[in-house]
Amino acid sequence: ANDTTNTLVQQLLSSLLSTPSTLFRTLLVSILSVAFVLKLLDYTSKSKTSTSEIITPQQEEEETEEKKKMKELQFRFLPVFWMLRLADWLQGPYFYEVYASKALLGASSSSSSSLTIISQLFLTGFASTALFGPVSGQLVDTYGRKKGTLAFCLFYMLGALSTKSNTLLLLLLGRVASGIGTSLLFSAPESWLVGDAQRIGQEKALGGTFGLVSD
C-alpha cells in the first residue's frame, strides 16, 4: 500500500512539475491556497476575540459607528489604490513584450543586442525610482498628497504612451517617467490615506486598512 501511495505521489508531482507552465500554475495555486487559509484563520481568531468580550449597548452602538466610518474610508481608498498598484505591476511583463517587438537601433527583436537595450531600458526605470524616491516624499508633503497621487497617474500615462514610439530616446524618457511615477506610488496614496483618517478621527482603522493594502 505504501509503495502504491508513493508511486501515485511521484506521478502526481511529475505531472504538476512537468512543464514551466504547469509549475507556474502549481506554485500560484499553492500560494493562493496558503494565503486564503491564513486569512481565514486570522478572521476566525478575530471573531472569537470579539464575541468573548462583554460590551454595553452604548459601546456596541459606538463600535458600529466606528466600523461604518472605517468601511467608508476603505471603500474610498482601496479600489483606487489597488488599480494604481496593478497598473504599476503590469509594466513588467507587458512593457517587456512591447520593447521586445521593436527593432531598436537596427537590431532584430531576437538578437542579443536588442535584449541588452531592453535591459538598459528597465535599468533606467529602476534608477529613476531610486534617484527620485527620497525627493518624492518631500515634494508630496510640500505640495499635497492628492496632487502627488494625480502626478503618479500623469507620469504613468507618459511612460505608457512612450511605448508607442520606436525612438530609443523617447523610450528612455518614458522609463524615467515611469520610475518617477513608481516613487510617487509608494509615498503619495498611503500618506493621503493617513491624512484622511486623521481628519475623520479614524486612526485606529489604519492598521486593518494597511493590512488589506498588502494583501
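Start by selecting helix α2, residues 20–52, and pick out F36, which sits in this helix. Keep in mind as you click around that this is a predicted model.

Is F36 buried or exposed? Turn on the surface and have a look: F36 has a relative accessible area of 57%, and because the cut-off for exposed is over 50%, F36 counts as exposed.

Next, add V34, V37, L38, L40 and L41 to your selection along with F36. Together these residues make a nonpolar patch on the surface, and the accessible area of the whole patch comes to about 610 Å².

Now jump along the chain to helix α7, residues 168–185. Try a distance between the C-alpha atoms at its two ends: they lie 25 Å apart. The helix has 18 residues, so at 1.5 Å a residue it should span 26 Å, and the two values agree.

Stay on α7 and colour its buried residues. Which ones are they? The list is L171, G174, R175, A177, S178, G179, I180, G181, T182, S183, L184 and L185. Notice the run from A177 through L185, where each residue is on that list.

Time to zoom out and show the protein as a cartoon. You'll find nine helices and zero strands, so there is no need to hunt for a sheet. Across the 215 residues of the protein, 27% are buried.

Finally, show the contacts. Taking those between residues at least 6 apart in sequence, 73% link residues at least 24 apart. Switch the full surface back on to finish: the protein exposes about 14,500 Å², with carbon and sulfur atoms supplying 67% of that area.

Technical notes
Residues are numbered from 1 along each chain as its sequence is written. This is a predicted model: local features need pLDDT of at least 70, side-chain atom pairs count only at pLDDT 80 or more; totals for chains, interfaces and linings use all residues. Side-chain values use heavy atoms; hydrogens and water are left out. Helices (H or I, at least four residues) and strands (E, at least two) are DSSP runs, numbered from the N terminus. The expected span of a helix is 1.5 Å times one less than its number of residues. Buried means under 20% relative accessible area, exposed over 50%, partly exposed in between (1.4 Å probe, protein chains only). Patches are made of residues with over 30% relative accessible area and no salt bridge: like charges are joined within 9 Å, nonpolar side chains (Val, Leu, Ile, Met, Phe, Trp, Tyr) within 5 Å. Accessible areas come from the Shrake-Rupley method with a 1.4 Å probe; for residues, only the protein chains shown count as cover. A salt bridge is a side-chain nitrogen of Lys or Arg within 4 Å of a carboxyl oxygen of Asp or Glu. Contact means heavy atoms within 4.5 Å.
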